[in-house]
Each structure stands twice: as C-alpha cells, then as structure tokens.
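Here is a short briefing on one strand and the sheet around it. Have the model open as you read, and let's start from the middle.

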Amino acid sequence: MYIDLSSARIFFDVVGSLLDAEGESLSERPTLLMLHGGPGYDHQTLRPHFDRFADVAQVVYFDHRGCGRSGGESDTWTLDQWADDVAEFCTRLGIKEPVVFGQSFGGMVAMRTATRHPDLASALILSSTAAHFELDATLEMALTLGGRDAATAARALFTNPSLDTYRTYAQVCLPLYTQNTPARGAAFRARAIERPEVTVHFFREEMMDMDLRPDLSEITCPTLVLAGALDPVTPVVCSQDIANSIGDNAELVAFDACGHGVHRDDPDGSERVMREFMQSVERA
C-alpha cells in the first residue's frame, strides 16, 4: 500500500489487526511501528521475524523515503526528514501512541523522532543502533570478527563513503553482522530492494558526524535498548551510550553471542524480552 506524504510517496504494509475481535466486544491493540535499517534497504530486512507479534499488536512496516518502494528526492534524505516522515505517517493514518521499533539506522530515526516529536510514541525499542558512531570500537570489532581484511574494508567505507568502498564492505563485512543463520528469513538481503546510493549519502553527509546523545535525556517514554556483544558496526558501547544518555527510562539488554540485529541471532530470547517489555508498557 502507498500513502502520499508532503514530499514523498511512502510504501507500507500491515500484519495483524488493530481491533481484537475475540470475546463479546472489540478491544484495541497497540501498534508496533517498524523502522528498518540501512538506509538503502527496505522493510523486508525485518520480515518475517516480527510478523509473530501480530498476535498482540498491529504490526506496521514501511520503507523510509528513498528506500525500497518509497519515493523522495535525494536532497530530502536527511535524518530530520526521515523522523518527520514517521510523525506525518502516523498522523495521516491515525496511528496513536505506537511502540516504535528501530533497527540500526531505523533506531537512529526512532531516536530523532522521539526528540522532535516527543508525544508520538508510547515506547521505544532501539535495536543494534547508535546515537554517535564509534569508529575505533567498530574497527576493533571488525578486526576481531573478520581479521585485517574486514578492518581495512570498514575503515575505507567509514572514512571515505563511496559506492566502491561500500561494495567491498558489503562483500567482506556484511557476512559478519550475524553469528547464526536464522531458521526463517535467512534470505532477507536477497529479497530486499537495495539502494546503496542512499546508504553512501547518509554515511557521507550525516552519520559520521552525528551525535544525538545531548538530546536523548528529553526522551520520557519507556525505552528498551537491545544490543549484541558481537556487533561489528554498532558495538555494544553504542547501546550503553544510548541507555546512559536517556537515563532512568531506558533498559539495556545485551546478548552475549549476538551480532547486528539480535532478533536474527537469538530470535527466541529477543522475542521474550520484547514481549515482556511491551506487556509492561501496556500495563502502565
């Protein structure tokens, strides 16, 4: 499905109903709004894993502007615009107080959305993401997990983002992102629409100088921060920084044997943590 926002046509998909028809009366279930990583990939990187939450929530996926099936000119590929898209998307569709899940780049958008639109989300789930890119820690993890070739490829991309350095990084480093092959969804990258020019644009124009930490103390909604101890691109120190910057509203859960996207390496464990968190938010 598509919706026309102010300056871009956005693709979205929905799994599960908002209204629960069990019992003698209808009850409204929460909306779990899924913000995919990249940028440059689409929402398929999150499917089918998070479809399982359709038993307790309406799960809404969408492609960020410039990504996947969504439009948007390159001069609008900015973190502020991506965050404003989330707010406008929710307003246009009447989505109220969603639980906003952000994976990697999607977590950066989620944090920016929460500070620019503080009344939007009822809760945040920030998975394998960063408020500030930690180059030295990233290079150290790349060296540990993939050796000198991985560290060299990572340094080349993050100090000189280009289509060429990204191509090498994708070949050498992307396989290091996960430690286990998921039983379902193993082909998510092959299935996804990839636009590496969006990735390179964001890395070059914003990500390397980005620092969201000073504003994170303004986030007042409950926040779950998920981290993998073997994450080669947003090492666990990034998640610790996020939780510390948000303060008492944030809970950090780190998974020892997981990489980038704990739902891929420990689907059952991460699902359990997410369900417990969402239940606690609903009870509150």
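All of strand E8, residues 123–127, is buried in this predicted model: 5 of its 5 residues count as such, so the strand is largely enclosed by the rest of the structure. In a regular strand, side chains alternate between the two faces of the sheet. Here both faces of E8 are covered.

**The two faces of E8**
- On one side sit Ala123, Ile125 and Ser127, which are buried.
- Leu124 and Leu126 lie on the other side and are buried too.

**Neighbours in the sheet**
- Strand E7 (residues 99–103) runs parallel to E8, and 5 bridges join them.
- Along this pairing, Val99 has Ala123 as its bridge partner, and Gln103 stands opposite Ser127.
- Between E7 and E8 the chain passes through helix H2 (residues 105–116), making a right-handed β-α-β crossover.
- Strand E9 (residues 223–228) also pairs with E8 in the parallel sense, over 4 bridges, and Leu226 is the bridge partner of Ser127 there.

**The whole sheet**
- The sheet is open, has 8 strands with mixed pairing, and follows the order E1-E2-E6-E5-E7-E8-E9-E10.
- Strands E1 (2–4) and E10 (250–255) stand at the edges with a single partner strand each, so one side of each has no neighbour in the sheet.
- From one strand to the next, the twist averages 20°.

**Helices packed on the sheet**
- H2 touches strand E5 (31–35), E7 and E8, and its direction makes about 140° with that of E7.
- Helix H7 (residues 236–246) touches E8, E9 and E10, with its direction at about 165° to that of E9.

How values were computed: Residues are numbered from 1 along each chain as its sequence is written. This is a predicted model: local features need pLDDT of at least 70, side-chain atom pairs count only at pLDDT 80 or more; totals for chains, interfaces and linings use all residues. Side-chain values use heavy atoms; hydrogens and water are left out. Buried means under 20% relative accessible area, exposed over 50%, partly exposed in between (1.4 Å probe, protein chains only). Helices (H or I, at least four residues) and strands (E, at least two) are DSSP runs, numbered from the N terminus. Two strands pair if DSSP finds at least two bridges between them. A crossover is right-handed if, with the strands pointing away from the viewer, the path from the first strand over the helix to the second runs clockwise. Axes are lines fitted to C-alpha atoms, for helices over the stretch in contact, and angles run from 0 to 180 degrees between N-to-C directions. Contact means heavy atoms within 4.5 Å.
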